[in-house]
Amino acid sequence: MRALLVEDDSDIADDVARALTSAGYLVEHATDGESAWFLGDTEDFAIVVLDLGLPRLDGLSVLKRWRAAGRAFPVLILSARGAWTEKVDGIEAGADDYLAKPFEIGELIARVRALVRRAGGHVSAQVTIGRLTLDTTRMSVAIDGAPQKLSALEYRLLDYLAHQQGRTVPAGELAEHLHGVDGAADANAIEALVARLRRKIGRDIIETRRGFGYVLSGA
Ligand code: CA
């Protein structure tokens, strides 16, 4: 899944990007409000971590513009300003959660996971769809209760499909979420990845809807 990190402080950005990457996210990083607004307006993200004090355009204005344009991704605001009025402003502008600096990176990741989970229609860290169970905290997968040994990319594909509430996902969208917009992957690479996954976890877990894309069976 793709995460957009908007943060102009390079030390914080490095820490957060590293933690998000180890949590299984493909991280896109913007360092100013203008480029953040453009990225969020034109590309698709599972979660946005947004600093408020930014060069060129402040975080609150970025968020208001996204929401006005109908961009619905979950947004976690990150700010040095811990005052309650700032929190109210952020939440009224359309933020889903708020974390004041300094923060524990573990708490940030837990909150990000909870937001992504809720956006995908799940209330707990354990997601069960048909025979598949995904533990989004441990990043592990079981089929009929039996643990599966998967690569990070294989896990990310199942994780993304599990958060779409039964929507059939086009291969191009999967490629974008697994490899990024500039990634070399295309529909063929996704087809190969799905084939590899099917050999590991069984043919019937991921269904192909010809001409439309992929969906988890039982979703
Ligand atoms: Ca800042």
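In the next few minutes I will walk through the fold of this protein, one domain at a time.

Before anything else, please keep in mind that what we have in front of us is a predicted model. The chain is divided into two parts, with domain 1 covering residues 2-119 and domain 2 covering residues 126-216. If we take the centres of domain 1 and domain 2 over their C-alpha atoms, they are separated by 26 Å. The two parts do touch, in that 13 residues of domain 1 are in contact with 14 residues of domain 2.

Let me begin with the sheet of five strands. This is an open sheet, and if you read across it the order is S2-S1-S3-S4-S5, with parallel pairing. Which strands stand at the edges of this sheet? They are strand S2, residues 26-30, and strand S5, residues 97-100, and each has a single partner strand, so one side of each is left without a neighbour in the sheet. On average, and ignoring direction, neighbouring strands here are turned by 20° against each other.

To see the pairing at one of those edges, look at strand S4, residues 75-79, which runs parallel to S5 and is joined to S5 by four bridges. If you would like a pair of residues to locate on the screen, take Leu 76, whose bridge partner in S5 is Asp 97.

Just beyond S5 there is a detail of the backbone that I would like you to notice. Lys 101 and Pro 102 are joined by a cis peptide bond, with omega at about 0°. As general background, most peptide bonds are trans. Pro 102 itself lies in the loop that leads from S5 to helix H5, the helix of residues 105-119.

Now to a pair of helices, H2 and H3. Helix H2 spans residues 33-42 and helix H3 spans residues 59-68; their axes come within 9 Å and cross at roughly 20°. An angle under 35 degrees counts as roughly parallel, and H2 and H3 are therefore described as roughly parallel to each other. The crossing in which H2 passes H3 is right-handed. On the H2 side the residues that meet H3 are Gly 33, Ala 36, Trp 37, Gly 40 and Asp 41, and they face Val 62, Arg 65 and Trp 66 in H3. Sorted by class, this contact has four nonpolar, two polar and two charged residues.

We can now move on to domain 2, residues 126-216. The sheet to look at here has four strands, it is open, its order is S6-S7-S8-S9, and its pairing is antiparallel. Strand S6, residues 126-129, and S9 stand at the edges, and because each has a single partner strand, one side of each is left without a neighbour in the sheet. Neighbouring strands in this sheet are turned by 25° against each other on average, again with direction ignored. Helix H6 packs on the sheet, where it touches S6, S7 and S8, and its direction makes about 105° with that of S7.

Let us follow the strands of this sheet in turn. Strand S7, residues 132-135, and strand S8, residues 140-143, run antiparallel and are joined by four bridges, and within this pair Leu 134 stands opposite Val 141 in S8. The hairpin of S7 and S8 has four residues between the strands, and in that hairpin Met 139 takes a positive phi near 55°.

S8 then pairs with strand S9, residues 146-148, in the antiparallel sense over three bridges, and the bridge partner of Ala 142 in S9 is Pro 147. What is the phi of Asp 144, in the hairpin of S8 and S9? Asp 144 has a positive phi of about 50°, although it is not a glycine, and that hairpin has two residues between the strands. For context, most residues other than glycine have a negative phi.

Finally, let me return to H6 and its neighbour H7. The axes of helix H6, residues 152-162, and helix H7, residues 171-179, come within 10 Å and cross at roughly 125°, and H6 and H7 are therefore oblique to each other. H6 passes H7 in a right-handed crossing. In H6 the residues involved are Leu 153, Arg 156, Leu 157, Tyr 160 and Leu 161, which meet Glu 173, Leu 174, His 177, Leu 178 and His 179 in H7. By class, there are six nonpolar, two polar and two charged residues in this contact.

Terms used: Residues numbered from 1 in each chain as written. Predicted model: local features only at pLDDT ≥ 70, side-chain atom pairs only at ≥ 80, totals over all residues. Heavy atoms only, no water. Axes fitted to C-alpha atoms, helices over the stretch in contact; angles between N-to-C directions. Parallel < 35°, antiparallel > 145°, perpendicular 65-115°, else oblique. Left-handed = near helix turned anticlockwise from the far one by under 90°. Contact = heavy atoms within 4.5 Å. Nonpolar A, V, L, I, M, F, W, Y, C, P; charged D, E, K, R; others polar. Pairing = 2+ DSSP bridges. Domains from an automatic or database assignment.
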